[in-house]
Structure formats: C-alpha cells, structure tokens
Amino acid sequence: MKQVKITAVRKTEYKDLMHKYENPIEHACDVKVGDVFISYNAQKPENLCDSAWESMEKFVNILANGGGSFFDGWMKNKNSAMISCNDGFRPVSFYIETVE
C-alpha cells in the first residue's frame, strides 16, 4: 500500500454566506495553506479534520491501493487528485498524491 501526501493548496472564505447563513462560531478551520498530511495505510492522518477526510477518503483509498487516472485523465499526474473539503463557508482545496 502506498502513502498518500495531502497538501492544502488553497483556502477561501465566503464571508457574505457566513454572515447570511452561519451561526457565529468561535473555532473554525485550523488548516493553513501549505499544511501537509500523510495518510498511511489509507487511514485519516492525525490533525486532519473529519469534514476534509470525508471529502477525500475515497480518492486516498484508491491512490493508496495503486489506482488513479480519475475521470479519464482529469489530472496531469494520474496518481493525484484535487479535492475540496465540504465546508461551504470556508472550503480548503487539497492536492493529494501518492508518495514513492
């Protein structure tokens, strides 16, 4: 089974949507652009939030087991994927790739 590297490459906030729909919260996403997580044995890395993991778990599992080439050549690197977490207010985009 291959290791999968997960890198946060972009984070945005939709303040207008937060103001309109979200109840105020004290603690939101801790992920910073440039943060790197490593998945061993297709398991959720420590300190990666559950929401982000739920969005990428299927892709990590496929990559860890030697698969790839998602959606007929979607990615330049067939052993990678670009996945965003499912937080509609402050989504984070993650580049996931196998590590040799």
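Buried, in this talk, means under 20% relative accessible area, exposed means over 50%, and partly exposed is in between. I start there since those words come back for several residues. The second thing to say up front is that this is a predicted model.

First, the overall layout. The protein chain has two helices and four strands. Going along the sequence, they come in the pattern β-α-β-α-β-β. The C-alpha atoms fill a box of roughly 45 × 30 × 20 Å along the principal axes. Of the 100 residues in the protein chain, 34% are buried. The accessible surface is about 6600 Å², and carbon and sulfur atoms account for 48% of that. On contacts: if you take those between residues at least 6 apart in sequence, 62% join residues at least 24 apart.

Now the sheet. In what order do the four strands lie? The order is β2-β1-β4-β3, in an open sheet with antiparallel pairing. That leaves β2, residues 36-39, and β3, residues 80-84, as the edge strands, each pairing on one side only. On average, neighbouring strands are turned by 25° against each other, with direction ignored. Helix α2, residues 50-64, packs on this sheet and touches β1, β2, β3 and β4. The direction of α2 makes about 20° with that of β4.

Look next at the pairings of β1. Strand β1 covers residues 3-11 and β4 covers residues 92-99, and eight bridges hold that antiparallel pair. With β2, strand β1 is joined by four bridges, again antiparallel. Ile6 is a useful residue to click on here. Opposite Ile6 in β4 stands Ile96, and opposite Ile6 in β2 stands Phe37.

Phe37 brings us to the side chains of β2. In a regular strand, side chains alternate between the two faces of the sheet. Strand β2 does this: Phe37 and Ser39 point to one face and are buried. Val36 and Ile38 point to the other face and are not buried.

Next, the cysteines. How many disulfides are there? The count is zero. The cut-off for a disulfide is a pair of cysteine sulfur atoms within 2.5 Å. For Cys29, the nearest cysteine sulfur is that of Cys49, 5.6 Å away, and Cys29 is in no disulfide. Cys85 also has Cys49 as the closest cysteine, with the sulfurs 5.9 Å apart, which is too far for a bond. As for accessibility, Cys29 has 25% relative accessibility, so Cys29 counts as partly exposed. Cys85 is at 10%, and therefore counts as buried.

The last region is the loop between α2 and β3, together with the aromatic residues. Two residues in that loop have an unusual backbone angle to point out. Ser69 sits in the loop between α2 and β3 and has a positive phi of about 50°, although it is not a glycine. Phe71 is in the loop between α2 and β3 as well, and Phe71 also has a positive phi of about 50° without being a glycine. Ser69 has a relative accessible area of 42%, so Ser69 is partly exposed. Phe71, at 61% relative accessibility, counts as exposed.

That leaves the rings. The structure holds three aromatic pairs. One of them is Phe59 with Phe70, an edge-to-face pair at 5.0 Å centre to centre and 65° between the planes. Phe59 lies in helix α2 and Phe70 in the loop between α2 and β3, so this pair ties together parts that are eleven residues apart in sequence. Are these two buried or exposed? Phe59, at 12% relative accessibility, counts as buried, and Phe70 is buried too, at 9%.

Another pair is Phe71 with Trp74. Their ring centres are 5.5 Å apart and their planes stand at 70°, so this pair is edge-to-face. Trp74 has a relative accessible area of 38% and is partly exposed. Taken together, ring pairs link Phe59, Phe70, Phe71 and Trp74 into a cluster. Within that cluster, Phe59 is buried, whereas Phe71 is exposed.

To recap: an open four-stranded sheet in the order β2-β1-β4-β3, helix α2 packed on it, zero disulfides, and a ring cluster that includes Phe70.

Definitions and conventions: Residues numbered from 1 in each chain as written. Predicted model: local features only at pLDDT ≥ 70, side-chain atom pairs only at ≥ 80, totals over all residues. Heavy atoms only, no water. Pairing = 2+ DSSP bridges. Axes fitted to C-alpha atoms, helices over the stretch in contact; angles between N-to-C directions. Contact = heavy atoms within 4.5 Å. Buried < 20%, exposed > 50% of the residue type's maximum accessible area, 1.4 Å probe, protein only. Areas by Shrake-Rupley, 256 points an atom, 1.4 Å probe, with all protein chains shown as cover. Phe/Tyr/Trp six-rings, centres within 6.5 Å; stacked < 30°, edge-to-face > 60°.
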